[in-house]
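Trainee: Could you take a close look with me at one part, the helix packing? I'd like to see who touches whom, and what sits around it.

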Amino acid sequence: MDNLLEFDRTHLWHPYTSIEDPLPVIEVVAADGVRIKLADGRELIDGMSSWWAVIHGYNHPVLINAIKNQAENLCHVMFGGITHKPAAELGYQLVEITPAGLDRVFLCDSGSVAVEVAMKMAIQHYYAQKQQKKNRFLTIKSGYHGDTFHAMSVCDPQTGMHHIYSGVLPEYLFADRPEISFYDRWDEQDISSFRTLISQNHQELCGVILEPIVQGAGGMRFYHPEYLQEVRRLCDQYDVLLIADEIATGFGRSGELFGCNHADIVPDIMCLGKALTGGYMSLAAVMTTSSVGRTISMGEPHVFMHGPTFMGNPLACKLASASLSLLKEFGWKDAVQRIEKNLIEGLMPCKQLKGVSDVRVLGAIGVVELTEPVAMAEIQHRFVEEGVWIRPFGKLVYLMPPYCIDDADTQVLTNAVVNVLSQNNHR
Ligand SMILES: Cc1ncc(COP(=O)(O)O)c(C=O)c1O
């Protein structure tokens with residue numbers, strides 16, 4: 001192959017792109033710490049953590065060693081009828097760090113698959129109790145849960161483009177999105193649409209699914225912990241399982257280890273992914289309670305009907321265990337608080353800029369919302385010129401760097417956002 005970029009342009013599909021007229025891509029040859037190295041020799045400071053996943057930075061020696069050591073011993077073995085230390089040790093750590101009571105673990109391949117698994121668990125939970133009519137879901141608008149079919153069915157209907165798949169996607173219930181932000185005063189009115197829907201439809205609902213506190217790809221919005229507490233109360237009142245999709249929020253990103261911790265609630269089912277392996281390999285986990293596990297297993301068909309080929313992959317499990325140990329040891333909370341302070345200082349000047357409608361920060365997530373969508377190719381090029389890797393979407397320019405980023409590099413990221421948006425060429 002003579003020209004990699006030319007081959008890529010003609011043959012490889014990238015996320016959410018046209019194969020005929022794709023947006024430009026840049027070639028990356030390596031990455032280390034918070035720096036992504038390009039084929040042309042330039043280096044970019046990473047403001048994305050590769051879509052929330054690479055929390056410890058790239059090429060971390062502890063994680064690389066975990067992969068190497070495990071690869072020499074056992075890369076993969078089927079999980080049907082077999083177990084191994086990497087899976088058991090990871091399960092042990094997950095039970096220890098997730099909210100109390102979530103002590104049954106299902107390991108699977110990716111975030112979207114975890115959402116499928118969680119939704120199947122909720123359906124089977126009521127099927128096993130001979131309540132087959134309870135098989136629908138309630139969620140909130142502006143959510144994102146992945147790109148497989150059932151995950152898509154609970155993504156925001158507009159940004160998730162449900163019309164394309166109408167007749168194929170199941171039609172579920174969508175409450176108004178929470179409007180009271182994390183930092184504002186709580187008002188009961190905010191949950192009225194959700195309350196009405198659950199009270200009117202609970203006989204056919206098996207689950208409520210939502211992203212706790214931070215709605216990620218559906219709008220990068222931070223909502224009030226009271227909303228989540230009230231959702232928990234209503235799910236209890238109406239006998240509906242609560243599924244917390246912590247795939248984006250899990251492992252410290254929002255300032256608490258899990259989004260649910262902001263509201264001090266325990267969901268019935270929790271989905272984990274992305275940063276689970278420090279972002280180096282695809283792996284996800286679905287945690288549930290012994291009560292849900294027992295109910296599914298006691299009634300028909302007495303088993304949980306899911307079992308992917310790469311379930312419990314030892315390489316990914318070993319890596320995830322190493323990443324969780326690293327998280328515990330290096331003091332993620334201080335790191336995230338420091339990043340939060342730097343993001344506030346660095347991004348707030350954007351509030352004065354033309355075309356900016358909001359600037360918000362929570363934990364290691366900084367968001368600048370614009371009044372109009374960005375011109376993607378142009379703005380991407382400008383950020384690369386500034387020496388940073390920042391990939392906006394829609395009206396959102398946001399930062400979520402690896403936790404190991406230092407103050408100076410965070411400042412390079414925030415300065416780049418201010419510089420690029422000041423030039424007003426994003427519209
Ligand atoms: C909250 C949430 N759930 C699910 C997913 C899907 O995960 P994956 O892309 O690993 O399938 C994502 C991905 O961005 C996400 O943010």
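Mentor: Let's start with a term you'll need: a crossing of two helices is left-handed if the near helix is turned anticlockwise from the far one by less than a right angle, and right-handed if clockwise. One caution as well: what you see is a predicted model.

Now find helix α5, residues 111-127, and helix α9, residues 290-298. Their axes are 8 Å apart, and the two helices pack at an angle of about 60°. That angle is why α5 and α9 count as oblique to each other. Put the term to work here: the crossing of α5 with α9 is left-handed. On the α5 side, the touching residues are Met-121, Gln-124 and His-125, and from α9 come Val-292, Thr-295 and Ile-296. Sort that contact by class and you get 3 nonpolar, 3 polar and no charged residues.

Stay with α5 for a moment, since its range begins at residue 111. Gly-111 has a backbone N or O atom 3.0 Å from an oxygen atom of the ligand. Next comes Ser-112, with a polar side-chain atom 2.6 Å from an oxygen atom of the ligand. Elsewhere in the chain, Asp-245 places a polar side-chain atom 2.7 Å from a ligand nitrogen atom. Others surround the ligand too, including Tyr-144, His-145, Glu-211 and Lys-274.

Follow the chain out of α5 and you enter the loop between α5 and β5, where you'll find Lys-130. Lys-130 isn't a glycine, yet its phi is positive, near 60°. Go to the loop between α9 and α10 and look for Pro-301. A cis peptide bond joins Glu-300 to Pro-301, with omega about -5°.

Past that loop is α10, residues 314-330, and its axis comes within 9 Å of the axis of α3, residues 61-73, with a crossing of roughly 150°. So α3 is roughly antiparallel to α10. This crossing is right-handed. Among the α3 residues in the contact are Val-62, Leu-63 and Ile-67, and α10 brings Leu-315, Leu-319 and Leu-326, among others. By class, 10 of the contact residues are nonpolar, 2 are polar and 1 is charged.

Finish with α11, residues 332-347, and α13, residues 407-422: their axes come within 9 Å and cross at roughly 30°. Angles under 35 degrees count as roughly parallel, so α11 and α13 are roughly parallel to each other. Their crossing is right-handed. Here Arg-338, Asn-342, Leu-343, Gly-346 and Leu-347 of α11 meet Asp-407, Thr-410, Thr-414, Val-417 and Val-418 of α13. The class split is 4 nonpolar, 4 polar and 2 charged.

Put the three pairs side by side: α5 and α9 are oblique, α3 is roughly antiparallel to α10, and α11 and α13 are roughly parallel.

Definitions and conventions: Residues numbered from 1 in each chain as written. Predicted model: local features only at pLDDT ≥ 70, side-chain atom pairs only at ≥ 80, totals over all residues. Heavy atoms only, no water. Axes fitted to C-alpha atoms, helices over the stretch in contact; angles between N-to-C directions. Helix = DSSP H or I, 4+ residues; strand = E, 2+ residues; numbered from the N terminus. Parallel < 35°, antiparallel > 145°, perpendicular 65-115°, else oblique. Contact = heavy atoms within 4.5 Å. Nonpolar A, V, L, I, M, F, W, Y, C, P; charged D, E, K, R; others polar. Near = heavy atom within 4 Å. Polar contact = N/O pair within 3.5 Å; in protein donor to acceptor, adjacent residues only side chain to side chain.
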